Amino acid sequence: MSASTEKMTVGFIGLGIMGQSMAGHILAAGHGLCVYNRTRAKADDLVAKGAVWKDSPGDVAAACDVVITIVGYPKDVEEVYLAPGGIVERARDGAILIDMTTSSPELAQRIAAAAADRGLTALDAPVSGGDVGAKAGKLAIMVGGDAASFETAMPLFDAMGGKIVHMGPAGAGQHTKMANQIAIASTMMAVSESLSYAKAAGLDQSAVLDAIGTGAASSFLLNGLGPKMVAGDYAPGFFVHHFVKDMSIALAEAERMKLDLPGLTLARGLYQRLVDGGFGEEGTQALYRVYTQMTGA
Ligand code: NAP
């Protein structure tokens, strides 16, 4: 049977903004699906569509060939994988474990080593493309870890993603995601500054976005989040507090590599102001709040 048609029994842990849609694509592709989430109600829609609820990450692992996680923070990843009775301890022989959370490269390596000790393989496979990409099944997926397991898991990645790349050994997926977040950090400041300037110059900000949105400054963030900044729509697609988490991981890695990244440092500081101001549960486009405060616009 070819890998692309083989149906697997998949466990999915973490059914938030991203996981909810991603797990739905796995189910829609015809794979068996077991689910667990800290808040059970978020599993209701998937269970209504045929997914099976399990009472813990360990229970999911004991029932599945492949376990996928997309939780919140590295501490959540560590808990679901490495805690007593967790995924690594209870996974079936030969299982493939795939963490799609944005988490630390070092933790990805630690989980891969713990999995290997038990004859399992673990992949780190963080994603980019936001809630929109997750809903559309068009995420960019950057994967670190065992190449053979990557190939076996490809039908699952295909169900969730558009661009899927094996980047190297354990941790390489998370390092690639950090490169992505570093690019986003300075771009978010750039979009905010551009809109602040346009307003101060007396321009119609929406007309400016329309004019420059197909030019050299065009980007997913300018075109997708710029209009939300103009509208004052700060509803979360990607939480501010998660972005601060990502930038903190990237800065720690940069420090370890003795790399100075001034744009990233500045962005983390500005986003931290949002968290301190009580806006951590808003979307990352809320950075524009900081600029309106600074410029009085
Ligand atoms: P989210 O809505 O907060 O989803 C996280 C889910 O994981 C929640 O449902 C949460 O449960 C569950 N969870 C957390 N810790 C858990 C644990 N220990 N055991 C079981 N379930 C646990 O966040 P999200 O936006 O989907 O993001 C998830 C991850 O993907 C984050 O690392 C984020 O940085 C990354 N990411 C997000 C985006 C985006 O645009 N949103 C894009 C790329 C990557 P509760 O329901 O109880 O809170």
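The ligand is surrounded by 28 residues, each with a heavy atom within 4 Å of the ligand; the closest are T39, K42, G72, G237 and K245. This is a predicted model, in which local features need pLDDT of at least 70 and side-chain atom pairs count only at pLDDT 80 or more, while totals for chains, interfaces and linings use all residues. Residues are numbered from 1 along each chain as its sequence is written, and side-chain values use heavy atoms, with hydrogens and water left out.

**Ligand shell**

- The shell around the ligand divides into 10 nonpolar, 10 polar and eight charged residues. Here Ala, Val, Leu, Ile, Met, Phe, Trp, Tyr, Cys and Pro count as nonpolar, Asp, Glu, Lys and Arg as charged, and the others, Gly among them, as polar.
- At least two shell residues come from each of α1 (17-28), α4 (74-82), α7 (130-136) and α12 (240-256). Helices (H or I, at least four residues) and strands (E, at least two) are DSSP runs, numbered from the N terminus.

**Polar atoms at the ligand**

- A polar backbone atom of G237 lies 2.7 Å from a nitrogen atom of the ligand.
- An N or O atom in the side chain of D76 is 3.5 Å from a ligand nitrogen atom.
- An oxygen atom of the ligand is 3.5 Å from a backbone N or O atom of V71. Of the 890 Å² of accessible area that the ligand has on its own, the protein covers 93%; such areas come from the Shrake-Rupley method with a 1.4 Å probe.

**Buried side chains that reach backbone nitrogens**

- Q174 belongs to helix α9 (residues 172-200), and its side chain reaches the backbone nitrogen of S103 at 3.0 Å.
- Q174 has a relative accessible area of 1% and is therefore buried (buried means under 20%, exposed over 50%, partly exposed in between, with a 1.4 Å probe and protein chains only).
- H31 is located in the loop between α1 and β2 (32-36), where the side chain of H31 reaches the backbone nitrogen of M8 at 3.0 Å.
- H31 is also buried, because its relative accessible area is 5%.

**A positive phi in a loop**

- Most residues other than glycine have a negative phi.
- K258 is not a glycine, yet K258 has a positive phi of about 55 degrees.
- K258 lies in the loop between α12 and α13 (262-276).
- With a relative accessible area of 77%, K258 is exposed.

How values were computed:
A polar contact is a pair of N or O atoms within 3.5 Å; within protein, one must be able to donate a hydrogen and the other to accept it, and residues adjacent in sequence count only if both atoms are side-chain atoms.
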